[in-house]
Amino acid sequence: MVEISAERFDQLVDEAFAGVPAELVALLDNVVLFVEDDAPPHDPHLLGLYDGIPLTERDHAYGGVVPDRIFVYRNPTLALCDSEEDVVEEVRITVVHEIAHHFGIDDARLHELGYA
């Protein structure tokens, strides 16, 4: 396990998000990114979570809904990693993984692409 402050972890998440191609960021619709210390109690080892309606499932009736949410969980990520370099890589993978869910890409395809 590596120790990284909450502020530094937030910065790493920001850097990972900044590394997403601008063309993809421009396509994000009604989604917000959160960093939380702990994953939900039912899945305490979860590194990230997408909670929303993927773009591929939205239709003409979509509207007036709360934003989709992407969560990145600090403590499970730090527990998995041995160095800050490991955290940087894991955060990058997690951010891309959860954004991919927003675009309707499932876990099986993300595994194929190396983002799971």
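**Exercise 1. Aromatic pairs**

Determine how many aromatic pairs the predicted model contains, and classify the pair formed by the rings of Phe34 and Phe71.

*Solution.* Step 1. The count of aromatic pairs comes to two.

Step 2. The ring centres of Phe34 and Phe71 are 5.5 Å apart, and their planes meet at 25°. Ring centres must lie within 6.5 Å to pair, and planes under 30 degrees apart count as stacked. The Phe34–Phe71 pair is therefore stacked.

Step 3. Phe34 belongs to strand S1 and Phe71 to strand S3, so the pair ties together parts that are 37 residues apart in sequence.

Step 4. Phe71 and Tyr73 form a stacked pair as well, with 6.0 Å centre to centre and 5° between the planes. Ring pairs thus join Phe34, Phe71 and Tyr73 into a cluster.

**Exercise 2. Burial within the cluster**

Decide for Phe34 and for Phe71 whether the residue is buried, partly exposed or exposed.

*Solution.* Step 1. The cut-offs are under 20% relative accessible area for buried and over 50% for exposed, with partly exposed in between.

Step 2. Phe34 has a relative accessible area of 34% and is partly exposed.

Step 3. Phe71, at 6% relative accessibility, counts as buried. Tyr73 is buried too.

**Exercise 3. The sheet and the helix across it**

Establish the strand order of the sheet, identify its edge strands, and place helix H1 relative to S1 and S3.

*Solution.* Step 1. The sheet is open and has three strands in the order S1-S3-S2, with mixed pairing.

Step 2. Strand S1 (31-36) and strand S2 (48-51) each pair on one side only, which makes them the edge strands. From one strand to the next, the twist averages 15°.

Step 3. S2 and strand S3 (residues 68-73) run antiparallel and are joined by four bridges. Gly48 stands opposite Val72 in S3.

Step 4. Helix H1 (residues 6-18) lies across S1 and S3, and runs at about 150° to S1.

**Exercise 4. The overall fold**

Give the order of elements from the N terminus and assess how compact the protein is for its 116 residues.

*Solution.* Step 1. The protein has five helices and three strands, arranged from the N terminus as α-α-β-β-β-α-α-α.

Step 2. Its radius of gyration is 14 Å, close to the 13 Å that the globule rule gives for 116 residues, so the protein is as compact as a globular protein of that length.

Step 3. The C-alpha trace spans about 45 × 30 × 25 Å along its principal axes. Of the 116 residues, 33% count as buried.

Step 4. Among contacts between residues at least 6 apart in sequence, 71% join residues at least 24 apart.

Notes
Residues are numbered from 1 along each chain as its sequence is written. This is a predicted model: local features need pLDDT of at least 70, side-chain atom pairs count only at pLDDT 80 or more; totals for chains, interfaces and linings use all residues. Side-chain values use heavy atoms; hydrogens and water are left out. Two strands pair if DSSP finds at least two bridges between them. Helices (H or I, at least four residues) and strands (E, at least two) are DSSP runs, numbered from the N terminus. Axes are lines fitted to C-alpha atoms, for helices over the stretch in contact, and angles run from 0 to 180 degrees between N-to-C directions. Contact means heavy atoms within 4.5 Å. The radius of gyration is taken over C-alpha atoms; the globule rule is 2.2 Å times the number of residues to the power 0.38. Buried means under 20% relative accessible area, exposed over 50%, partly exposed in between (1.4 Å probe, protein chains only). Rings of Phe, Tyr and Trp (its six-membered ring) pair if their centres lie within 6.5 Å; planes under 30 degrees apart count as stacked, over 60 as edge-to-face and the rest as tilted.
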